[in-house]
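Subject: Structure handover and what was found in it

Dear colleague,

I am passing on a structure that I would like you to look through before we talk. Please open it first, and then read the notes below with the structure beside you.

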Amino acid sequence: MARFWWLVLGILLLVVSCGPPPSPAPPVKNPPVEQKKEKNDKKEKTSPKPENSFKHLEYVFWKGGRVRWVVRADQAYRFRTRLEMTNPRIVSRERTGLHLRARRGVYFFSRRLFFFQGKVVLHTPDKGTLYTRTLYYRPEEEKLSGDQPLLLKDRGMVLHGVGFEYDLKTGKLRIFKQSRVEFHA
């Protein structure tokens, strides 16, 4: 009986060793579960859905233990890279009489840049009131700038131009092109 089992085992080994080699399994690039996870990660990065939303936002910027700016907005939406605001109003606590309002504002965290658009009105303490469509504010450089047509009103003077730069440190306002001045009594 033992010889019989040895014979069956020998035949099985012979059949297995003489057959074609087993085909290798195709390499798996990414398991299906990981592929789905990657797709979800991509959606999260480009998702238009905000992380947080606020009504009646009030945010205060501090520097050296002193208040620099107070930002107020009717609504705000915080995304991963930016903060979008509707009807933002900004008041400077460093320079009396300097404040700004617009229909829409965006603060880009990585670039530390404010962008305002839609009926932007900038009140300055020494240069009057400036009206334009877009305005950029770089807090680190303490400069306000724009490249759109503008209107500046100050004590009977009306100035039309395109593009400007306003230095908050010195109070100097530069109009870039197409300046036209009108005087009204």
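The notes that follow go from the whole chain to single residues.

**Overall picture and confidence**

Please keep in mind that this is a predicted model. The protein chain holds 2 helices and 11 strands, and along the sequence these follow the pattern α-α-β-β-β-β-β-β-β-β-β-β-β. Of the 185 residues in the protein chain, 29% are buried, and the accessible surface comes to about 13500 Å², with 56% of that surface belonging to carbon and sulfur atoms. Among the contacts between residues at least 6 apart in sequence, 32% join residues at least 24 apart.

The average pLDDT of the protein chain is 81, and 74% of the residues score at least 70. Confidence is highest in E6, at 95, and lowest in helix H2 (residues 32–46), where the mean is 49. Within residues 40–44 the pLDDT stays under 50, and for that stretch the model has 0 contacts beyond four places in sequence.

**Strand E4 and its partners**

Strand E4 covers residues 89–92, and its side chains alternate: Ile 90 and Ser 92 point to one face and are buried, whereas Arg 89 and Val 91 point to the other face and are not buried. This is in line with the general rule that in a regular strand the side chains alternate between the two faces of the sheet.

E4 pairs with E2 in the antiparallel sense over 4 bridges, and Val 91 in E4 stands opposite Val 70. E4 also pairs with E5 in the antiparallel sense, over 3 bridges, and here Val 91 has His 99 in E5 as its bridge partner. The hairpin of E4 and E5 has 6 residues between the strands, and in this hairpin Gly 97 takes a positive phi near 90°.

**The nonpolar core and Leu 100**

The largest nonpolar core has 26 residues, and those with the most contacts inside it are Phe 114, Phe 116, Leu 135 and Leu 144. The elements that give two or more residues to this core are E2, strand E3 (82–86), E7, E8, E9 and E10. As background, nonpolar side chains in soluble globular proteins tend to be buried together. Beyond its neighbours within four places in sequence, Phe 116 is in contact with ten residues' worth of partners that you can trace, including Pro 88, Ile 90, Leu 100, Leu 135 and Tyr 137.Leu 100 lies in strand E5 (residues 99–101), and it counts as buried because its relative accessible area is 5%, which is under the 20% cut-off. Leaving aside neighbours within four places in sequence, Leu 100 is in contact with Pro 88, Arg 89, Ile 90, Phe 116, Val 120, Val 121, Leu 122 and Leu 135. Leu 100 and Val 71 are 29 residues apart in sequence, while their C-alpha atoms are 9.6 Å apart in space.

**Two charged residues, Arg 72 and Glu 142**

Arg 72 lies in strand E2 (residues 66–78), and with 28% relative accessibility it counts as partly exposed. Its contacts beyond four places in sequence are with Leu 57, Glu 58, Asn 87, Pro 88, Arg 89, Val 91 and Arg 93. With Glu 58 there is also a polar contact of 3.3 Å between the two side chains. Arg 72 and Met 85 are 13 residues apart in sequence and 8.8 Å apart in space, taken from C-alpha to C-alpha.

Is Glu 142 buried or exposed? Glu 142 lies in the loop between strand E8 (128–138) and E9, and at 16% relative accessibility it counts as buried. Its contacts beyond four places in sequence include Lys 63, Arg 68, Tyr 137 and Tyr 166.

**Two loop residues with a positive phi**

Most residues other than glycine have a negative phi. Arg 112, which is not a glycine, nevertheless has a positive phi of about 50°, and it lies in the loop between strand E6 (104–108) and strand E7 (113–124). Arg 155 is not a glycine either and has a positive phi of about 45°; this residue lies in the loop between strand E9 (143–154) and strand E10 (157–167). As for accessibility, Arg 112 is partly exposed at 46%, and Arg 155 is exposed at 74%.

With best wishes

Conventions
Residues are numbered from 1 along each chain as its sequence is written. This is a predicted model: local features need pLDDT of at least 70, side-chain atom pairs count only at pLDDT 80 or more; totals for chains, interfaces and linings use all residues. Side-chain values use heavy atoms; hydrogens and water are left out. Buried means under 20% relative accessible area, exposed over 50%, partly exposed in between (1.4 Å probe, protein chains only). Contact means heavy atoms within 4.5 Å. A polar contact is a pair of N or O atoms within 3.5 Å; within protein, one must be able to donate a hydrogen and the other to accept it, and residues adjacent in sequence count only if both atoms are side-chain atoms. Two strands pair if DSSP finds at least two bridges between them. A nonpolar core is a set of buried Ala, Val, Leu, Ile, Met, Phe, Trp, Tyr and Cys residues joined through side-chain atoms within 4.5 Å. pLDDT is the predictor's confidence in each residue, from 0 to 100. Accessible areas come from the Shrake-Rupley method with a 1.4 Å probe; for residues, only the protein chains shown count as cover.
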